[in-house]
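These are my notes on a structure that I examined for the first time. I looked up selected side chains and then the pocket.

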Amino acid sequence: MLSSITVVGAGSRTASSLVPMLLEETSAKLHLLSSQDLPITLDRVATYKLDVLDRAALKQIVMATNSDVVINLAAMTNVDKCETERLACWNANVTLVEQLSRLCRIIDAQFVQLSTDYVFDGTKGPYSENDMPGPISYYGKSKLAAENVALGAGVHAAVVRTNVVYGPDENHPDFVRWVLDALDSNTSIKVVSDQFSNPTYVDDLAEAILRIVRRRRSGIFNVGGADWVSRIEFAQRIAAMFKGNAELLIPITTEELSQPARRPLLGGLLTLKAESDLGMKMRGIESGLVSLRHAVFAKQSMPTIRN
C-alpha cells in the first residue's frame, strides 16, 4: 500500500487532474511541490512552495518526505523558448531529472517522468514505444535526454509520453482554450494544416499515471487520444462542438509560420501498450470535448472553486 507520494510540478495542468485522482483513489499522504501557492488545505496534503531547481531545497524536502513514489510534472515546455534559451531548458528538463533520479535511488522510490512525442522527428508517426527517437528541436532533445536519465538511473522508473494535452483548467491555456478564445471574440487565427497528433484529454493522462503508480509499472508508456488528426481538423471539431464560426480558422503550413524551433509534422503516439497493460481506454476528440464542456459548466455552477 502506498503511504506517501511526492508530485513535483504540482501547479501544472496535469497535476490539476492527477492530484484529485490521487486523493480519491489512494490513501497516501501527498507532498506537492510547486513554484506557486497551491490552494489546498487537507490533512493528507502537504504543500511546498519552492524553486525546484534549487538543489539543496529540493533534496531536503524529498529526503524528508521519503515517499514511495516521485512523479515529475515540472518542465520547460515552450518549444521556441527552449530553442533560444538552451541552458534554462536543459536545467529544467534534464538537470532536474538527474537530481530526482538520484534522490529516488537513495530513498528507493518509484520515479515517474512525463515526456512527449517531440522525441521523434515526425516523419512517420504515430509512434510506438519501440520506435527509434530522433528529435529535431532542442526541446525534444532535452526530453529524450530526460527519458534516458530516468530509465538509466538504476531506479524503478516509468516514462509517460503524451501529446497536445487539453483540459478544463483555465489557469493553464492550451490549444483548445486558444481556439475557443478566438471563436468567442470573433477573431480569425491561423492554424497549421500539416502537423498531426492524437490530442490527449488531461484526465486520461492522469488516469494512466495513477495506474502506473498503483501497478508499479516501469518502462515507457504512450498516452494519447483515440483520434489522429491535423491541428486544423482539431480546431474545426472544437468549433463544431462549441457552435463556433469555423470560417475564423485559417489553414497555414508549418513552414509559413517561420518558428525558431522545428516541429515534427507526423507526430502522435500509438497507445496499444497502455490499453493492454494498464487497461486504459482513451477518449477520442468528441468524447474529450464533451468531458471538457461538462467540467467547465460544472465549475461555472459552483460558488467557490478550490482545486
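I began with Glu129, which I found in the loop between strand 5 and helix 5. I note that the model is a predicted one.

I then asked which side chain of opposite charge is nearest to Glu129. It is Lys273, 5.5 Å away. Glu129 is buried and has no salt bridge. I did find a backbone partner: a polar atom of the Glu129 side chain lies 2.8 Å from the backbone nitrogen of Asn222.

My second entry concerns Asn72, which belongs to strand 4, residues 69-72. Is Asn72 buried or exposed? Its relative accessibility is 1%, so Asn72 counts as buried, the cut-off for that class being under 20%. I recorded a polar contact of 2.8 Å between the side chains of Asn72 and Gln113. A polar atom of the Asn72 side chain also lies 3.1 Å from the backbone nitrogen of Ala74.

My third entry is on the largest pocket, which holds about 1,600 Å³ of space. I looked up its lining and found 50 residues, with Arg13, Thr77, Asn78, Tyr139 and Pro173 nearest the centre. Elements that give two or more residues to this lining include helix 1 (13-25), helix 4 (86-107), helix 5 (138-151) and strand 8 (189-192).

Which element gives the most to the lining of the largest pocket? I found that strand 5 does, with four residues. Sorted by class, the lining of the largest pocket comprises 23 nonpolar, 18 polar and nine charged residues.

Note on methods:
Residues numbered from 1 in each chain as written. Predicted model: local features only at pLDDT ≥ 70, side-chain atom pairs only at ≥ 80, totals over all residues. Heavy atoms only, no water. 1 Å grid on protein atoms, 1.4 Å probe; cavity = no way out; pocket = protein on both sides within 12 Å on 5 of 7 lines; lining within 4 Å. Points joined across faces, edges and corners; volume = space filled by probe spheres on them. Nonpolar A, V, L, I, M, F, W, Y, C, P; charged D, E, K, R; others polar. Buried < 20%, exposed > 50% of the residue type's maximum accessible area, 1.4 Å probe, protein only. Lys, Arg positive; Asp, Glu negative; His and termini not counted. Salt bridge = Lys/Arg side-chain N within 4 Å of Asp/Glu carboxyl O. Polar contact = N/O pair within 3.5 Å; in protein donor to acceptor, adjacent residues only side chain to side chain.
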